[in-house]
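Student: Could you take me through one part of this protein up close? I'd like to look at the largest nonpolar core.

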Amino acid sequence: MKYIAIDLGLKRIGLAYSAHKDIVTPLPAVQRKNRNQASAEVKKVLDEWEVDAVVIGIPLGGSSEDEMQRRIEHFMNLVDFKGDIFYQDEAQSSLEAENMMKGEIKYIRDGRIDSISAMIILQRYLLTIKNR
């Protein structure tokens with residue numbers, strides 16, 4: 001199975017890829033100008049990497065969970081992805097990503113943090129399916 005993880009943000013969309021259960025690679029983030037441009041760019045990446053499934057980070061259990069689920073579903077409808085879509089709790093993934101960068105590029109908003117966050121989300125998901 002080939003997976004792409006998505007860390008969906010309002011300004012940037014972090015992406016990470018895995019075709020092997022133990023290796024996850026961050027991809028360049030998508031700079032979000034508007035919904036249609038962002039969904040078209042994400043679709044292009046999904047097609048390019050020929051992925052079978054998408055793992056999307058979502059804040060589970062919080063007051064915003066339902067609203068975020070609705071936004072994510074709307075975005076994925078625009079992407080028009082035909083494979084499986086899985087949700088993974090994204091709690092603290094951005095903070096973890098910033099800590100991994102050890103402050104070196106913390107203030108450069110080029111999407112690296114977002115894609116490392118997506119990598120963490122995908123690693124968590126792969127760990128859960130490995131332990132089933």
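Tutor: Sure, let's start with who is in it. The largest nonpolar core has 22 residues, and I4, I6, I13 and M76 make the most contacts inside it. By nonpolar core I mean a set of buried Ala, Val, Leu, Ile, Met, Phe, Trp, Tyr and Cys residues joined through side-chain atoms within 4.5 Å. Buried means under 20% relative accessible area, with exposed being over 50% and partly exposed in between (1.4 Å probe, protein chains only).

Two or more residues each come from strand 1 (3-8), strand 2 (12-20), strand 3 (23-31), helix 1 (35-48), strand 4 (53-58) and helix 2. Helices (H or I, at least four residues) and strands (E, at least two) are DSSP runs, numbered from the N terminus. Helix 2 gives the largest share of this core, 5 residues.

Now zoom in on I13. Leaving aside neighbours within four places in sequence, I13 is in contact (heavy atoms within 4.5 Å) with I6, D7, L8, A29, V30, R32, A38, V42 and F75. Apart from this core lies another one, of 17 residues, including A5, I113, I116 and A118.

For contrast, take Q88, which sits in strand 5 (residues 84-89). Q88 is buried, with a relative accessible area of 12%. Beyond four places in sequence, Q88 touches V55, I56, G57, I58, I121, R124, Y125 and T128.

A word on the basis: this is a predicted model, where local features need pLDDT of at least 70, side-chain atom pairs count only at pLDDT 80 or more, and totals for chains, interfaces and linings use all residues. Residues are numbered from 1 along each chain as its sequence is written, and side-chain values use heavy atoms, leaving out hydrogens and water.
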